[in-house]
Amino acid sequence: MGSAYTYEAERLAGVKISTETDVWNAVDWFHEKGVDIVAISSGDFGQRGELRTFLSKRNWPRFALNIHKQGTSISFTGTGDLFASLFLAHSYRKHPDQLGYVLERTVATLQAVIKRTVAEIPEAM
């Protein structure tokens, strides 16, 4: 199983990712290299104020979900690592046909952590 931001996917696959089609081409590259499940945790391909996340298991349906950005001028670090950890935790003991559910739970949990973090930021910042 692999997980990456589009930046990391670009670096690993050696391709520029500018569109959603480019994301899926990079996913295919990972599959060709033997990676069975590929998750791209975020890309700026959603509507304004949204990121988009991608998931593919070789020879299974693909998934893409929009993620609402929390905060207007806040930049978080470590969200890709948190995404990977949550994805692994939610996918533990799940059948491969439940990967859509796993992705939804991963994003929901990530959003809950970010929402709580934003709520705890002092207003003076």
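Phe 30, at 11% relative accessibility, counts as buried, which means under 20% relative accessible area, with exposed meaning over 50% and partly exposed in between (1.4 Å probe, protein chains only). The model is predicted, so that local features need pLDDT of at least 70 and side-chain atom pairs count only at pLDDT 80 or more, while totals for chains, interfaces and linings use all residues. Residues are numbered from 1 along each chain as its sequence is written, and side-chain values use heavy atoms, with hydrogens and water left out.

**Aromatic pairs**
- The whole structure holds 3 aromatic pairs, where rings of Phe, Tyr and Trp (its six-membered ring) pair if their centres lie within 6.5 Å, and planes under 30 degrees apart count as stacked, over 60 as edge-to-face and the rest as tilted.
- One of them joins Trp 29 and Phe 30 edge-to-face, at 5.1 Å centre to centre and 85° between the planes, and Trp 29 is partly exposed at 26%.
- Phe 83 and Phe 87 are stacked, at 6.3 Å centre to centre with 10° between the planes, and both are buried.

**Nonpolar cores**
- The largest nonpolar core (buried Ala, Val, Leu, Ile, Met, Phe, Trp, Tyr and Cys residues joined through side-chain atoms within 4.5 Å) has 13 residues, of which Leu 55, Phe 83 and Phe 87 touch the most other members.
- Strand S2 (37–43), helix H3 (79–91) and helix H4 (99–120) each give two or more residues to this core, with helices (H or I, at least four residues) and strands (E, at least two) being DSSP runs numbered from the N terminus.
- The largest share of this core, 6 residues, comes from H4.
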